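Here are some exercises to work through with a structure on your screen. Try each task yourself before you read its solution.

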Amino acid sequence: MKEIYLDNGATTPPSSEVIQSILQVVKKDYGNPSSLHRKGMQAEEYIKQTSEEIAKWLKVTPKEVYYTSGGTESNNLAILGVANAYVRSGKHLITTQIEHPSVLEPFKKLEEQGYEVTYLPVNQQGYIDLETLKQAIRPDTILVSIMHINNEVGTIQPIDKIGSIIKKINPSTLFHVDAVQSFGKSIIYPRRWNIDLLSISGHKIHGPKGIGVLYIAKDIKIEPLVYGGGQQNGLRSGTENMIGIAGLYPAVKNAYENLKDHVSHMVQLKKYLVNELKAKVENISIHGPKLEEGAPHIINLGFKDIRGEVLLHALEDKKIYVSTGSACSSHKSTKSSTLQALGLSDEEILSSIRISFSPYTTREDIEICIAEMQQIIPLLRKFVPGGKK
Amino acid sequence: MKKLFLIKYGEIAIKGKNRYLFEDALLQNIKKSLRNIGDFKLIKEQGRILVEPLKENYDEEEVIGRLTKIFGIIGICPVIKVDSLDFQQIQEHVLHYMKEIYQDKKITFKVEARRADKSYPLTSPEIAREVGAYLLQHMPTLSVDVHHPQVRVWIEIRNSVYVYSQVIPGLGGMPIGTSGKAMLLLSGGIDSPVAGWMVAKRGVALEGIYFHSHPYTSDRAKEKVIELGRKLATYTGKFTLHIVPFTEIQLKIYEKCPHVQLTIIMRRIMMQIAEKIAKKQNALALITGESIGQVASQTIQSLGVTNAVCTLPVFRPLIGFDKQDIITIAEKIDTYETSILPYEDCCTIFVAKHPQTKPNLESIERSEKNLENIDAMIEEAIAKTEVIFI
């Protein structure tokens, strides 16, 4: 049985170029970039190469590229770093109700410390309302943090418009974008779009785990979270993660050199999957944006009268891997806050699964997935959650 | 001078003619438990066991940690052994020992002496008095308290001299393997591992049985039960876990039986399967974590209906325990953290909102008649059972 991995929103398998590059650093070019000798210089070359590659596609300078341990640290560093550095300018912050926990949790922490946070609601498709945003921005608003592509339902926020709205109302308000799901799947131009900070993760684009990037526009000051040897301009001390940085280069290069082909391939697969399923299985709904509008690689589907986790495990038996935002746990509420913000009922939330594609997902994979679901879903529907009615 | 561990055992010392069986079992269990953490010689001697390290390649804390998990041991004493019987040398060794442990702490003490060799030139009270005086003279922070000393220093003169002052309490109970074997129904919750541990403490070897309802329960839930098996195995030495595929039967019950009876009928079938596997494995009883009134299936009526399908005795050591009491033991035996992992299953699908709390045996049996082929399904589930040796 072929393994069909449709959980690329969670992580992606590293490509062979990435593995090659990692091996080179593990085996041969193991130097510490801070060392003064040749081995150190060699290591520095890797950093330069990766930073230049990222800078090229974002149309920024390599000096504005900072390395972290991943998307979570990038988001934390951006939010806490700005809040701490700009506290004298104000203590008001804005974000949305559908952010990733690595954004929401730092904001909660800041609320405990006396900051005021506005959480923008979203509509049923997951979009924020630009009028509401306008009204939320105040003279003491120091930061707006809004994700580009939502990880659970794939809503794409109009980041360029949001950026210009923010700067028009309060030019000193900084704009952070969590681009973990969009980097490598969409063009992003921080300068043109008025983005001051941008979070990126390596392992969502077939790069290694444990490496992330925070783009910080020059002139933006942030307070570090980690202190030490003063690496990376003192903003993120600690010997750079050379394995991650070396592995990130081919991942970025490949994602952006083939961006158009990758995106159109994934959009096709997504449409094919949804249209076929809708034709072959009853009572399926799309959670989030319309099929034509959402992210190329993410679709969230609801299956009436089925527990998402049960469907997940049943597909797992066929070596098809998907994900749910919510577990069946009876101990604690693990219902996805994004799906709640979309206004879905508890039943709808529990019945949802997320399918996420990669450029390497094939049409055959999707055909198999459809065929298996066509088999499994009617069987599972014989047993209605909560017992017989 | 050598460092050893002196092991005291309680209850088994009074088992009359069968005593050697218990002692041998304990000896074996200690040997197995220490197998991969050093080289040790075990010496059985007059109502106690001496563990003598043969090489320096052991960690004292680790050894004591293992010994405190063996049922049947009531105390573990780190001991020094002096080969010379010369009294002056004994005194010097005791002083050295005391200085190493208590340094210059202010403590009250008393010396207790015992001599197996009655021809030794000093009597026990004389030894105690002399050594006590010697210690007082050389360690000014010590003072004597013969009634309530903080530290009792034991000196035992046999073929060699043994000195100890610390007794680390053991678990008590009886050595595993001296009271037969029982089959524990493990759910993954807090109660069942505690129930198994309590029975094992009485010397009963355990095997476990877990009912897996994939895809309604995730493989992580199964991993969690295996992990609980591992935790129990730190006490029982080994643990065999039977994982029974239960989905088909569960779906059948769902289809054919009244909704409010699903849980009770499911439990009755689980007990039947557990009993069949128990008999095959030569287990003499079943163990469950039930406690009266905890949930609908554990009312006194429900327990009666569940029990009616069993012919083996069913041990329910937690029957009169409150949840908090159970949690306290679970924490002590280190199963609690694993038990509360959130991989609860999706079996809620098979649970009625308001299950019967006072089921009637006849009506349940009537409902079960609708389960055609159930015997064959039970046999099939048993045949497809996965066995894991921990």
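## Exercise 1: A helix and its length

Task: Check whether the end-to-end distance of helix H7 of chain A agrees with its 16 residues, then find out how covered H7(A) is.

Solution: This is a predicted model, so every value here is computed from it.

Step 1. At 1.5 Å a residue, the 16 residues of H7(A) should span 22 Å, because the expected span counts one less than the number of residues.

Step 2. In the model, the end C-alpha atoms of H7(A) are 23 Å apart, which agrees.

Step 3. Now look at the surroundings: 12 of the 16 residues of H7(A) are buried, and the helix is mostly covered. Among the buried ones are A:Met242, A:Ile245, A:Leu248, A:Tyr249 and A:Val252.

Step 4. Look for what does the covering. It includes helix H1 (16-27), helix H2 (38-58), strand S2 and helix H8 (259-280) of chain A.

## Exercise 2: The core and the two domains

Task: Find which residues touch the most other members of the largest nonpolar core, and work out where this core lies relative to the domains of chain A.

Solution:

Step 1. The largest nonpolar core has 100 residues, and those touching the most other members are A:Val82, A:Tyr215 and A:Leu311.

Step 2. Helix H7 (residues 242-257) of chain A, from the exercise above, gives the largest share of this core, nine residues.

Step 3. Domain 1 (4-11 + 259-381) and domain 2 (16-257) of chain A both contribute residues, so the core lies between them.

Step 4. Pick out A:Tyr215 and leave aside its neighbours within four places in sequence: its contacts are A:Leu58, A:Val60, A:Glu64, A:Val65, A:Pro190, A:Leu197 and A:Leu198.

Step 5. Apart from this core lies another one, of 98 residues, including B:Leu6 and B:Ile155.

## Exercise 3: Where the domains meet

Task: Describe how domain 1 of chain A touches domain 2 of chain A.

Solution:

Step 1. Start with the distance: the C-alpha centres of the two domains of chain A lie 28 Å apart.

Step 2. Next, the contacts: 24 residues of domain 1 of chain A are in contact with 22 residues of domain 2 of chain A.

Step 3. On the domain 1 side, the elements giving two or more residues are H8, strand S10 (298-303) and helix H10 (337-341) of chain A. The largest share of that side, four residues, comes from H10(A).

## Exercise 4: Reading a sheet

Task: Trace the open sheet of seven strands in chain A, and find its edges and a helix that packs on it.

Solution:

Step 1. Follow the strands across the sheet in the order S2-S8-S7-S6-S5-S3-S4 (chain A); the pairing is mixed.

Step 2. The edges are strand S2 (65-68) and strand S4 (116-120) of chain A, each of which pairs on one side only.

Step 3. Neighbouring strands are turned by 20° against each other on average, direction ignored.

Step 4. Zoom in on strand S5 (residues 141-147) of chain A. Three bridges join it to strand S3 (residues 92-96) of chain A, and the two run parallel. In this pair, A:Leu93 stands opposite A:Leu143.

Step 5. S5(A) is also joined to S6(A), by five bridges, again running parallel. Seven of the seven residues of S5(A) are buried.

Step 6. Finally, helix H4 (residues 101-112) of chain A packs on the sheet and touches S3, S4, S5 and strand S6 (174-178) of chain A. The direction of H4(A) makes about 150° with that of S3(A).

Methods:
Residues numbered from 1 in each chain as written. Chains lettered and ligands numbered in written order. Predicted model: local features only at pLDDT ≥ 70, side-chain atom pairs only at ≥ 80, totals over all residues. Core = buried A, V, L, I, M, F, W, Y, C linked by C-beta atoms within 7 Å. Buried ≥ 20, exposed ≤ 12 C-beta atoms within 10 Å, placed from the backbone. Domains from an automatic or database assignment. Contact = placed C-beta atoms within 7 Å. Pairing = 2+ DSSP bridges. Axes fitted to C-alpha atoms, helices over the stretch in contact; angles between N-to-C directions.
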